[in-house]
Amino acid sequence: MNIKQNEESFYIGEEEGKKAELHFTIEGETIVVDHTFVSDELRGQGVAGKLLHQVVQMAREQNKKITPTCSYAKKKLQDTKEYHDVLS
């Protein structure tokens, strides 16, 4: 599965026709995750979790914290103890 990145998202598919996306904005030392989308064809394969893992890695590399406003990201970050170091 090829995960791509642009300025405000990690995604699968093409820029104009993403099959899955985790959208974020960077506000100072915080990455705000505000939207997660997975197409029907990719659901049930752990795709959203893989996209979230990418933003967690980015937060660690850039020494930033993540503030999730997306309900999926919020629950996954809170439920995954390994991610608590980046949760704001």
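Me: Which residue of β3 is the bridge partner of Ser9?

Reply: In this predicted model, the partner of Ser9 in β3 is His23. Ser9, in β2, is also the bridge partner of Asn6.

Me: What makes β2 and β3 a pair of strands?

Reply: Pairing requires at least two bridges between the strands. Six bridges join β2 to β3, and the two run antiparallel; therefore they count as paired. A hairpin with two residues between the strands links them.

Me: Why is β1 also said to pair with β2?

Reply: The same cut-off of at least two bridges applies. Strand β1, residues 4-6, has three bridges to β2 in the antiparallel sense, so the condition is met. Here too a hairpin makes the connection, passing from β1 to β2 through two residues.

Me: How many residues of β2 are buried?

Reply: Five of the six residues of β2 are buried, and the strand is mostly covered.

Me: Why is Thr36 called buried?

Reply: The cut-off for buried is under 20% relative accessible area. Thr36 has 19%, so this residue is classed as buried. Thr36 belongs to strand β4. Leaving aside residues up to four places away in sequence, Thr36 touches Glu21, Leu22, Ala48, Cys70 and Tyr72.

Me: What makes α1 roughly perpendicular to α2?

Reply: The two axes come within 11 Å and cross at roughly 70°. Angles of 65 to 115 degrees count as roughly perpendicular, which means that α1 is so described relative to α2.

Me: Which residues form the contact between α1 and α2, and how are they divided by class?

Reply: From α1, Ala48, Gly49, Leu52 and Val56 meet Tyr72, Ala73, Lys76 and Leu77 of α2. By class, this contact has six nonpolar, one polar and one charged residues. Gly counts as polar and Lys as charged, so Gly49 and Lys76 supply those two classes.

Me: Which residues touch the most other members of the largest nonpolar core?

Reply: Phe24, Ile31, Val33, Val55 and Ile66 do, within a core of 23 residues. The elements giving two or more residues to this core are β2 (9-14), β3 (17-27), β4 (30-38), α1 (47-61) and α2 (71-79). The largest share, eight residues, comes from α1. In soluble globular proteins, nonpolar side chains tend to be buried together.

Me: What does Ile31 touch, not counting residues up to four places away in sequence?

Reply: Ile31 touches Phe24, Thr25, Ile26, Val55, Met58, Ala59, Lys64, Lys65, Ile66 and Thr67. Each of these has heavy atoms within 4.5 Å of Ile31, because that distance is what contact means.

Technical notes: Residues numbered from 1 in each chain as written. Predicted model: local features only at pLDDT ≥ 70, side-chain atom pairs only at ≥ 80, totals over all residues. Heavy atoms only, no water. Core = buried A, V, L, I, M, F, W, Y, C linked by side-chain atoms within 4.5 Å. Buried < 20%, exposed > 50% of the residue type's maximum accessible area, 1.4 Å probe, protein only. Helix = DSSP H or I, 4+ residues; strand = E, 2+ residues; numbered from the N terminus. Axes fitted to C-alpha atoms, helices over the stretch in contact; angles between N-to-C directions. Parallel < 35°, antiparallel > 145°, perpendicular 65-115°, else oblique.
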